[in-house]
Amino acid sequence: MESDKVLHAANFSTLFVCMVLKFPQIFVLMRAKSTTGVSLNSLLLELTGFIVFVTYQMYYDYPPPTYLEYPILIAQDVILLLLILHYNGSLKQSLIYAVVFMGGWQLLTVQKWIIDLAMSLCTFISAGSKFAQLQCLWQSKDSGQVSALSWGMATYTCFARIYTTSVTTGDMQVLVRFIVMALLNSWVLATVLYYRKRSGEVQKKQD
């Protein structure tokens with residue numbers, strides 16, 4: 001009974017956090033009207049990983065509470081993508097991305113081996129998105145437009161999903177993905193906070 005309460009709490013808290021997870025990043029971009037430090041490639045890879053993951057879960061009829069947050073995250077990522085393209089002056093490319101993602105989503109469920117293969121690559125795709133964001137931060141040395149709160153919440157949801165996956169489906173592919181994502185999200189968060197702190201120290205010296 002106690003384990004059921006913990007499971008429900010983990011599922012509910014993950015869903016709640018994911019409902020607002022990208023909002024801090026969206027608000028930061030809208031306020032700054034700049035995408036410095038925010039990686040477009042990272043967002044595209046993350047969106048791809050989300051689509052593959054939720055499609056895999058639905059294909060195998062996994063319990064909806066274990067993946068219900070992903071359609072919400074996909075919608076938020078789409079908003080972020082449009083904002084980044086807008087501030088980069090390339091909003092017209094959004095139509096191309098829409099066609100590619102919709103076509104790819106339809107292709108995933110044509111054959112069982114396709115969705116299985118895509119899921120086996122999903123961890124590498126999602127990991128690639130984190131490394132792309134890290135590379136962007138290392139190059140710009142500026143995390144002013146990157147929301148530490150969004151990355152902190154993303155880290156929490158991964159740790160919560162490690163627990164919910166282990167006590168429900170026990171799917172090793174899914175479990176490994178969440179473990180890797182938890183570690184990489186923590187790395188990105190630490191990098192954002194490091195550059196934020198360094199920027200503050202430089203500002204103090206200038207003052």
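**Notebook: a buried aspartate and its all-helix chain**

I looked up Asp-77 first, and at 0% relative accessibility it counts as buried. By buried I mean under 20% relative accessible area, with exposed over 50% and partly exposed in between (1.4 Å probe, protein chains only). Asp-77 lies in helix α4. I take helices (H or I, at least four residues) and strands (E, at least two) as DSSP runs, numbered from the N terminus. I listed what Asp-77 touches, leaving out residues up to four places away in sequence: Lys-22, Leu-43, Glu-46, Leu-47 and Phe-50. Contact here means heavy atoms within 4.5 Å.

**Ground rules**

This is a predicted model, in which local features need pLDDT of at least 70 and side-chain atom pairs count only at pLDDT 80 or more, while totals for chains, interfaces and linings use all residues. Residues are numbered from 1 along each chain as its sequence is written, and side-chain values use heavy atoms, with hydrogens and water left out.

**Whole chain**

I counted eight helices and zero strands. From the N terminus on, the order reads α-α-α-α-α-α-α-α. Along the principal axes, the C-alpha atoms fill a box of roughly 55 × 45 × 25 Å. I then checked the radius of gyration: the chain has 18 Å, which agrees with the value near 17 Å for a compact globule of 207 residues. That radius is taken over C-alpha atoms, and the globule rule is 2.2 Å times the number of residues to the power 0.38. Of the 207 residues, 46% are buried. I also looked at contacts with a separation of 6 or more; residues 24 or more positions apart account for 83% of them.

**Annotated spans**

I pulled the UniProt record, an unreviewed entry. Its "transmembrane region" annotation covers residues 6-28, 40-58, 70-88, 95-115 and 174-195. UniProt positions are given in the numbering used here, feature names are shortened, and annotations may be inferred rather than shown by experiment. I checked two of these spans in the model. Residues 6-28 are 91% helix and 0% strand, and their end C-alpha atoms lie 33 Å apart. Residues 95-115 are 86% helix and 0% strand, with the end C-alpha atoms 25 Å apart.

**Largest pocket**

Rolling a probe the size of a water molecule over the atoms shows where empty space is left. I found about 310 Å³ of space in the largest pocket. Of the 16 residues that line this pocket, Ile-51, Ile-74, Val-78, Phe-101 and Met-102 are the closest to its centre. For the search, on a 1 Å grid over the protein atoms alone, a pocket is an open set of points where a 1.4 Å probe fits, with protein on both sides within 12 Å along at least five of seven lines; lining residues have an atom within 4 Å of a point. Grid points are joined across faces, edges and corners, and the volume is the space filled by probe spheres set on the points.

Which helices supply the lining? α3 (40-59), α4 (69-87) and α5 (94-108) each supply at least two residues. α5 gives the most, with six. By class I noted 14 nonpolar, two polar and no charged residues in the lining. Ala, Val, Leu, Ile, Met, Phe, Trp, Tyr, Cys and Pro count as nonpolar, Asp, Glu, Lys and Arg as charged, and the others, Gly among them, as polar.

**Loops with positive phi**

Most residues other than glycine have a negative phi. I noted two residues that do otherwise. Lys-33 has a positive phi of about 50 degrees although it is not a glycine. Lys-33 sits in the loop between α2 and α3 and is exposed, with a relative accessible area of 56%. In α2 itself (residues 23-32), the buried residues are Pro-24, Gln-25, Ile-26, Val-28 and Leu-29. Asp-61 has a phi near 55 degrees, again positive and again not in a glycine. The loop between α3 and α4 holds Asp-61, which is exposed at 67% relative accessible area.

**Two later helices**

Ala-132 is in helix α6 (residues 112-140). At 15% relative accessibility, Ala-132 is buried. I measured nothing by hand here; the computed C-alpha to C-alpha distance from Ala-132 to Val-38 is 9.5 Å, across 94 residues of sequence. Leaving aside neighbours within four places, Ala-132 is in contact with Ser-39, Asn-41 and Ser-42.

Asn-185 is in helix α8 (residues 172-206). Is Asn-185 buried or exposed? Asn-185 is buried, with a relative accessible area of 2%. Beyond four places in sequence, Asn-185 touches Lys-130, Trp-151, Ala-154, Thr-155 and Cys-158.
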